[in-house]
Amino acid sequence: MYTQNTGLLQELAIAEEILLFDSEDDSRNQILVPDNKAEIFIPLGGNVDFQCLGCVRSLSIRSGNGYFLMPRGRGANISLNERTKLLIIKINPIYAKKIASNFAEIANGVFQINISSVQLSSLIDLSVSRDKYEASSIIEELSNLSYDLYDHNLTILESMEYIKDSCGTISIKEIYSSLNISKSKLEQHFNKEVGLTPKEYCKIEKINCFIKSYLNDMDQSLTELTYRCGYYDQSHLIKDFKYFLDTSPKKYFCSYR
C-alpha cells in the first residue's frame, strides 16, 4: 500500500526496462506486446517503421530523433531497416502524462522528442550499460520535468498495485470498493493519468502474465495455464490474443521454439 509517509514515492524509477533490437542479430520484424508501460523509442543508425495493430497508417521513426509513446492498448509491429538498432526504454506508466505534456504530439499517443548530440551519446551508452537509474536521469532532462514529478496520484498507484498483484484477474468492482471510491471516479483518474481504462489495464496485465509464464516453461499445458491465469476457457484466451496481437497463442509461441 502506498501512503505519503512510506518514502516510496521518490523510489519509483522512471525507467523500468531497457531493450535493444538489432537488425543484424534479431528478426527485422518484431511484434511488441502491449505491457501497460509508456515507451521511448530511439533509432540508432537507421529508420524504423512502426504500426499499431488496428491502425491504417504506419509511422516512420527516424534516426537522430526520439519518440515517446503513451501506454499502448494493443500490440504493434516494428520493422527495422538494414543496419539499424532500436533502443526502447520502458517507462513506469505513473509518469506517462507528466512526460507527454512536455512534447508535441505527432500521432495519436506518439510524441516527438528533440535530442541533443550529447544526450544521444548518453543514450547510445545506455544501449550497452542498460542502467535504469541513468536512463531515468536522462529522461528527466529530456522531459524538462518539474518539481511535482513525484507528486503521484495515490489512487492510481494503489490500483496498479492491486492489478499487478492479481496478474490482472481482480475485478474493477474489487478495486474501487477497496479504495472507497466510485467506479466513475476510478475510471476518470486512471484514464487521465495512464491513458488506459482500468479494464484495459487488467486485460493487458493478464495476457502478459500468461505469456511470461508460458515462456518460462514451454513444456507445460497451455490449457492448464489458461485457467490458472484467469481465462474462462481457451476461446477466451484466443479472443484476447487475436485482439492484442492479431494472432493465436500457438502461432505466437512458434517463433520462440
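**Pockets, rings and cysteines in a predicted model**

F68 is buried, and F111 is buried as well. I begin with these two residues as a way into the packing of this structure, and I should say at once that what we are looking at is a predicted model, which is how everything I say this morning should be taken.

The rings of F68 and F111 have centres 6.2 Å apart and planes at 55°, so this pair counts as tilted. Since F68 belongs to strand 6, residues 66–69, while F111 belongs to strand 10, the pair ties together parts of the chain that are 43 residues apart in sequence. A second pair can be described in the same manner: the ring centres of Y214 and F253 are 4.5 Å apart, and with their planes at 55° this pair, too, is tilted. Here Y214 comes from helix 7 and F253 from helix 10, so that the contact ties together parts 39 residues apart in sequence, and both Y214 and F253 are buried.

How many aromatic pairs does the count come to? The count comes to eleven aromatic pairs, and I have described two examples. Y214 and F253 also belong to one aromatic cluster, which they form together with F210, Y231, F241 and Y252.

Y231, from that cluster, has a charged neighbour as well, for the charged end of K206 sits over the ring of Y231, 5.0 Å from its centre. An arrangement of this kind is also found at Y243, where the charged end of R74 sits over the ring, 4.4 Å from its centre.

Let me turn to the pockets. The largest pocket holds about 1100 Å³ of space, and its lining is made up of 36 residues, with E17, D35, K37, N208 and K212 lying nearest the centre. The elements that give two or more residues to this lining are strand 1 (15–22), strand 2 (29–32), helix 4 (154–165), helix 7 (198–216) and helix 10 (249–254). Which of the elements gives the most to the lining of the largest pocket? That is helix 7, with seven residues, and you will recall that helix 7 is also the element in which Y214 lies. Sorted by class, the lining of the largest pocket has 17 nonpolar residues, eight polar ones and eleven charged ones.

The second largest pocket holds about 470 Å³ of space. Its lining has 22 residues, and those nearest its centre are C52, C55, N108, G109 and V110. Strand 4 (48–52), strand 9 (104–107) and strand 10 (110–113) are the elements that give two or more residues to this lining, and strand 10 is where we met F111 a moment ago. By class, the lining of the second largest pocket divides into twelve nonpolar, six polar and four charged residues.

For those who think about cysteines at the bench, the count of disulfides in this model comes to zero. A disulfide is a covalent bond between the sulfur atoms of two cysteines. Why does C202 not have a bond to C209? The cysteine sulfur closest to that of C202 is the one in C209, and because the separation is 11 Å, they are too far apart for a bond. C202 is buried, with a relative accessible area of 5%, and C209 also counts as buried, at 15% relative accessibility.

Next come two backbone positions that deserve a second look. Most residues other than glycine have a negative phi. R83, although it is not a glycine, has a positive phi of about 55°; R83 is found in the loop between strand 7 (76–80) and strand 8 (85–91), and at 60% relative accessibility it counts as exposed. R130, likewise not a glycine, has a positive phi of about 55°, and this residue lies in the loop between helix 2 (117–129) and helix 3. Is R130 buried, partly exposed or exposed? At 38% relative accessibility, R130 counts as partly exposed.

Helix 3, which covers residues 132–143, contains S137, and S137 is partly exposed, with a relative accessible area of 41%. To give an idea of the distances involved, the C-alpha atoms of S137 and Y231 are separated by 39 Å, and these two residues are 94 residues apart along the chain.

How values were computed:
Residues numbered from 1 in each chain as written. Predicted model: local features only at pLDDT ≥ 70, side-chain atom pairs only at ≥ 80, totals over all residues. Heavy atoms only, no water. 1 Å grid on protein atoms, 1.4 Å probe; cavity = no way out; pocket = protein on both sides within 12 Å on 5 of 7 lines; lining within 4 Å. Points joined across faces, edges and corners; volume = space filled by probe spheres on them. Helix = DSSP H or I, 4+ residues; strand = E, 2+ residues; numbered from the N terminus. Nonpolar A, V, L, I, M, F, W, Y, C, P; charged D, E, K, R; others polar. Phe/Tyr/Trp six-rings, centres within 6.5 Å; stacked < 30°, edge-to-face > 60°. Buried < 20%, exposed > 50% of the residue type's maximum accessible area, 1.4 Å probe, protein only. Lys NZ or Arg CZ within 6 Å of the ring centre and 35° of its normal. Disulfide = S-S within 2.5 Å.
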